[in-house]
Amino acid sequence: MSQAALLLYDFCCVALFYCINFIEHLIEVRIINIQISKFKFPNYQIKKMEQAIEQKKSIMDVWGKRPLIISGPCSAESEEQVLETASRLAATGKVDMLRAGIWKPRTRPGSFEGIGVKGLPWLAQAKKLTGLPVAVEVATGKQVQDALNFDVDVLWIGARTTVNPFSVQEVADALRGVDVPVLIKNPINPDLDLWTGAVERVAKAGIKNIGLIHRGFSSYGNTEYRNAPMWHLAIEMKRRNPSMMIICDPSHISGRRDILLDVSQKAIDLDFDGLMIESHIDPDNAWSDAKQQVTPERLLELLGGITWRVESTDAKEFVTALEKLREQINHIDDELMQLIGQRMKIADKIGQYKKDNSITILQTNRWNEILEKAFKKGENLGLSKEFITRYYDAVHMESINHQNKIMNS
Ligand code: PEP
Ligand code: MN
């Protein structure tokens with residue numbers, strides 16, 4: 001073939017490629033318009049959705065956004081429900097990613113266990129319709145493959161999976177060679193090593209973008225929360241993984257709508273990187289987690305009610321004032337440490353005395369007396385009963401250990 005013929009051939013190929021792309025684009029726009037008109041959204045909402053589609057960001061742009069807001073139904077139930085939720089969420093202009101459970105690990109059998117693979121095309125459609133990237137929970141290798149076949153952008157490992165190293169390993173194996181961001185929820189039990197183990201397994205599979213989700217921990221009996229937040233554990237996990245994103249899931253911590261704002265505010269005050277909050281077009285009739293879901297419009301109000309804070313600022317006045325206050329705190333902490341040291345020296349003496357007189361270390365009455373007095377004093381000083389109990393427990397245990405050493409020496 002002559003040089004000119006080759007050039008003409010190349011030109012035709014490229015032209016054909018662009019023609020096909022253009023036709024695909026027209027079809028896509030048409031499908032999107034049909035979807036939008038089906039739900040009869042007000043003009044301003046359609047405008048926002050069209051803007052989102054136009055600005056279609058890469059998943060890494062979204063992943064890096066702070067605060068990152070993920071929302072969507074606990075479970076995908078029907079095509080209409082997924083598309084309408086997605087559209088109404090996109091219309092808020094505040095949501096960065098759509099979540100939906102496709103496979104639901106329910107605590108008890110007989111509850112709705114997820115729509116399964118059938119729901120994945122609905123999410124793909126929701127993504128086309130709104131421009132929002134989508135996230136689903138995966139618990140098996142097969143679920144990873146199915147989700148990736150339908151272009152799911154982010155996968156998350158649920159609390160009931162993080163507890164099981166076999167399952168986490170299966171998910172990690174299916175992720176090998178794949179470039180997809182993964183969020184890992186804390187295990188249902190308060191065990192940071194299990195959480196860390198899941199992170200390590202996924203990281204070892206070659207996943208570069210890993211984030212954490214704090215969704216609280218199971219406890220026995222009725223408490224204010226569905227899953228106790230145990231904030232100190234999330235803070236410790238954050239301390240151990242300083243460069244890893246950590247977001248909070250107030251829905252599964254709260255288990256009910258009325259405390260979602262409080263829990264969200266607490267997470268933002270603790271410098272979490274974002275929130276995952278469940279939303280539904282008809283929360284009371286949701287097929288799972290009905291009590292904790294909110295409508296997209298209520299979500300917008302809720303997000304508007306949060307005081308957003310930043311970790312630090314360069315403003316000089318603020319920095320100097322903060323430094324002064326921190327110096328005072330350091331000074332007081334120092335004194336406290338000295339005092340506790342002195343207290344332990346006295347405990348040692350008591351230990352010696354008890355040893356000489358063959359008396360047990362623990363005298364329950366004495367201990368109850370100390371606690372009761374402390375509660376009363378603490379109340380006047382604005383200290384919570386919970387703090388006083390924990391503080392005295394820690395001091396008491398240290399004291400017992402000291403005495404134990406003396407008595408057994
Ligand atoms: C969920 O996000 O719907 C879910 C099942 O959460 P968790 O794994 O936190 O229970
Ligand atoms: Mn849920």
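## A guided tour from the ligand outwards

Begin by selecting ligand 1 together with the residues around it, namely C74, R99, K104, E137, W156, G158, A159, R160, K185, R215, H252 and E278; a residue is near a molecule if one of its heavy atoms lies within 4 Å of it. This is a predicted model, in which local features need pLDDT of at least 70 and side-chain atom pairs count only at pLDDT 80 or more, while totals for chains, interfaces and linings use all residues. Residues are numbered from 1 along each chain as its sequence is written, chains are lettered from A and ligands numbered from 1 in the order in which they are written, and side-chain values use heavy atoms, with hydrogens and water left out.

**The ligand shell.** The shell around ligand 1 comprises three nonpolar, two polar and seven charged residues. In this classification Ala, Val, Leu, Ile, Met, Phe, Trp, Tyr, Cys and Pro count as nonpolar, Asp, Glu, Lys and Arg as charged, and the others, Gly among them, as polar. Next, display the side chain of K104, where a polar atom lies 2.8 Å from an oxygen atom of ligand 1. For R160, an N or O atom of the side chain is 2.8 Å from an oxygen atom of the ligand. K185 likewise places a polar side-chain atom 2.8 Å from a ligand oxygen. Taken alone, ligand 1 exposes 300 Å², of which the protein buries 99%; accessible areas come from the Shrake-Rupley method with a 1.4 Å probe, and for residues only the protein chains shown count as cover.

**Strand β7 and its neighbours.** Select residues 245–248, which form strand β7. Helices (H or I, at least four residues) and strands (E, at least two) are DSSP runs, numbered from the N terminus. M245 and I247 point one way from β7, I246 and C248 point the other way, and all are buried; buried means under 20% relative accessible area, exposed over 50%, and partly exposed in between (1.4 Å probe, protein chains only). In a regular strand the side chains alternate between the two faces of the sheet.

Add strand β6 (residues 210–214), which pairs with β7 in the parallel sense over four bridges; two strands pair if DSSP finds at least two bridges between them. L212 stands opposite I246 in β7. Including helix α10 (residues 231–240) shows a right-handed β-α-β unit made by β6, α10 and β7. Then add strand β8 (residues 274–278), which runs parallel to β7 and is joined to it by two bridges. The bridge partner of C248 in β8 is L275.

**Two helices.** Move to S264 in helix α12 (residues 260–269). S264 counts as buried, at 0% relative accessibility, and its side chain reaches the backbone oxygen of L260 at 2.7 Å. For an exposed site, select E386 in helix α16 (residues 385–407), where the relative accessible area is 51%. A polar contact (a pair of N or O atoms within 3.5 Å; within protein, one must be able to donate a hydrogen and the other to accept it, and residues adjacent in sequence count only if both atoms are side-chain atoms) of 2.9 Å joins the side chains of E386 and R390.

**Backbone details in loops.** Which peptide bond is cis, with omega near -10 degrees? Select R66 and P67, since the bond from R66 to P67 has this geometry; P67 is in the loop between α3 (59–63) and β1 (68–72). Finish at D271, in the loop between α12 and β8, which has a positive phi of about 70 degrees although it is not a glycine.

Terms used: A crossover is right-handed if, with the strands pointing away from the viewer, the path from the first strand over the helix to the second runs clockwise.
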